[in-house]
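Work through the exercises below with the sequence and the model open beside you, and try each task before you read its solution.

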Amino acid sequence: MNIAEITPGRMVHGVFLVASCEVREARTGTRFLRLGLRDRAGATIDAVFFQVTDEQIAAVTEGEPFEIEGRADEFRNRVNIKIDAMRPSDETWDATAYLPRSSKSAEELTGAIRDAIDSFTTPVLKDVLNAVIADPLVAERLPMWPAAKTRHHAWIGGLAEHTVEMLQIAERVARVFPQLDRDLLLAGVVLHDLGKLEELDLQASIVYTDAGNLEGHMVQGVRILDRALTAAGCDGEIATLLRHLVLSHQGQLEYAAVTEPMLPEAIALHYIDQLSSQVRPAIEDVSAASDRGIRGEVLRGPTAMRELYVRAED
């Protein structure tokens with residue numbers, strides 16, 4: 001059984017990978033499991049298992065397949081499973097093989113990033129960015145890494161896809177505002193989230209590393225940038241401006257920016273990032289609701305985390 005086949009009220013019986021598992025406590029004081037399940041198509045669904053014993057809790061392992069029996073329900077326009085029974089399956093699954101993936105190939109996405117760098121007319125920026133993409137960590141992980149644990153571009157290849165979306169937007173912004181340093185802006189796009197190559201890890205689901213939790217992707221991104229600056233022999237103002245783009249791209253201190261944007265290019269970078277990271281999950285949520293037959297309704301987008309209207313007619 002695939003998750004795409006599950007509709008509210010339907011009995012569920014199939015083998016799914018446990019992508020995440022949390023032990024929670026109900027108001028009555030009893031414990032229950034909240035799970036994220038994944039099928040072989042990479043689709044995910046939430047599930048709850050009430051009235052579990054200590055032995056059942058101890059038996060559940062993230063990254064392992066389980067045979068699930070239960071009934072599908074719907075809560076806040078999102079289908080979930082209420083589990084009646086679950087037991088370890090004899091099937092063998094490669095947990096990372098079934099993570100959701102970009103619809104675009106790694107070659108297409110990384111090729112677009114290289115083309116953008118090749119188009120730079122500022123030699124020092126081209127040298128630095130070529131050193132960045134030649135960095136062993138970047139070369140190995142950028143083609144497949146996600147851009148986030150949840151919310152936006154949280155899939156294999158999501159970081160490269162997010163970067164390419166932003167490069168396309170940045171090109172248009174630079175034409176509207178010719179006073180901007182176009183090469184510097186595009187360099188900031190490529191650099192801004194590279195720290196997520198160390199902040200995130202691929203397991204049964206996308207998870208934060210210990211270093212990711214303790215340092216954050218902006219600090220980690222600057223380390224990647226500094227290796228490239230050294231390799232390219234770049235220092236002085238350009239190096240400082242590039243670090244500023246990485247450290248300020250979150251926009252505000254309360255949103256984890258190390259410093260707030262102080263360059264026109266840094267301000268543009270922040271809003272370009274917001275446009276990609278906010279519009280993409282809204283598109284995904286509306287599309288998923290439309291696929292379930294929802295029309296002419298307002299719903300709470302589970303990924304976008306905001307109220308969204310699904311049009312009555314396409």
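**Exercise 1. The lining of a pocket**

Find which helix gives the largest share of the lining of the second largest pocket.

Solution. The model is a predicted one, and its second largest pocket holds about 620 Å³ of space. Step one is to look towards the centre of this pocket, where the closest of the 27 lining residues are His-152, Lys-196, Gln-250, Gln-274 and Ser-277. Step two is to list the elements that give two or more residues to the lining, and these are helix 7 (196-199), helix 9 (217-232) and helix 11 (264-291). Step three gives the result: helix 11 provides the largest share, with 7 residues. As a last step, sort the lining by residue type, which yields 10 nonpolar, 11 polar and 6 charged residues.

**Exercise 2. A nonpolar patch**

State which residues make the nonpolar surface patch of about 240 Å², and decide whether Ile-283 is buried, partly exposed or exposed.

Solution. The patch is made by Leu-275, Val-279 and Ile-283. To place one of these residues, follow the chain to helix 11, where Ile-283 is found. The relative accessibility of Ile-283 is 43%, and therefore this residue counts as partly exposed, since that class lies between the limits of 20% and 50%.

**Exercise 3. Two residues with a positive phi**

Describe where His-153 and Met-305 lie, and say how each is classed by its accessible area.

Solution. Begin with the background: most residues other than glycine have a negative phi. His-153 is not a glycine, and yet its phi is positive, at about 50°. Its place is the loop between helix 4 (136-141) and helix 5 (158-176), and because its relative accessible area is 0%, His-153 is classed as buried. Now turn to Met-305, which is not a glycine either and has a positive phi of about 60°. Met-305 sits in the loop between strand 8 (297-301) and strand 9 (306-310), and its relative accessible area of 46% makes it partly exposed.

**Exercise 4. Salt bridges between parts of the chain**

How many salt bridges does the structure hold, and which elements are linked by the pair Glu-165 and Arg-280?

Solution. As a starting point, side chains of opposite charge can pair when their charged atoms come close. The structure holds 18 salt bridges, and three pairs are worked through here.

1. The side chains of Glu-165 and Arg-280 meet with an N to O distance of 2.7 Å. Since Glu-165 belongs to helix 5 and Arg-280 to helix 11, this pair ties together parts that are 115 residues apart in sequence. Glu-165 is buried, at 13% relative accessibility, whereas Arg-280, at 22%, is partly exposed.
2. Glu-161 and Lys-104 form a salt bridge of 3.8 Å, N to O. Here Glu-161 lies in helix 5 and Lys-104 in the loop between strand 5 (78-88) and helix 2 (106-118), so that distant parts of the chain, 57 residues apart, are linked. Glu-161 counts as buried, with a relative accessibility of 6%, while Lys-104 counts as partly exposed, with 35%.
3. Arg-243 and Asp-226 meet in a salt bridge of 2.8 Å, N to O. Arg-243 is in helix 10 (residues 237-248) and Asp-226 is in helix 9, 17 residues apart. Arg-243 is partly exposed at 28% relative accessible area, and Asp-226 is partly exposed at 28% as well.

Salt bridges can also be joined into a network, as they are for Arg-34, Asp-46 and Arg-78.

**Exercise 5. Distance along the chain and in space**

What separates Ile-6 from Glu-171 in sequence and in space, and what separates the C-alpha atoms of Ala-106 and Ala-134?

Solution. First locate Ile-6, which is found in the segment before strand 1 (11-25); with a relative accessible area of 6%, Ile-6 is buried. Ile-6 and Glu-171 are 165 residues apart in sequence, and from C-alpha to C-alpha they are 42 Å apart in space. Next locate Ala-106, which belongs to helix 2 and counts as partly exposed at 27% relative accessibility. Along the chain Ala-106 and Ala-134 are 28 residues apart, and their C-alpha atoms are separated by 16 Å.

How values were computed:
Residues are numbered from 1 along each chain as its sequence is written. This is a predicted model: local features need pLDDT of at least 70, side-chain atom pairs count only at pLDDT 80 or more; totals for chains, interfaces and linings use all residues. Side-chain values use heavy atoms; hydrogens and water are left out. On a 1 Å grid over the protein atoms alone, a cavity is a set of points where a 1.4 Å probe fits but cannot get out, and a pocket is an open set with protein on both sides within 12 Å along at least five of seven lines; lining residues have an atom within 4 Å of a point. Grid points are joined across faces, edges and corners, and a volume is the space filled by probe spheres set on the points. Helices (H or I, at least four residues) and strands (E, at least two) are DSSP runs, numbered from the N terminus. Ala, Val, Leu, Ile, Met, Phe, Trp, Tyr, Cys and Pro count as nonpolar, Asp, Glu, Lys and Arg as charged, and the others, Gly among them, as polar. Patches are made of residues with over 30% relative accessible area and no salt bridge: like charges are joined within 9 Å, nonpolar side chains (Val, Leu, Ile, Met, Phe, Trp, Tyr) within 5 Å. Accessible areas come from the Shrake-Rupley method with a 1.4 Å probe; for residues, only the protein chains shown count as cover. A salt bridge is a side-chain nitrogen of Lys or Arg within 4 Å of a carboxyl oxygen of Asp or Glu. Buried means under 20% relative accessible area, exposed over 50%, partly exposed in between (1.4 Å probe, protein chains only).
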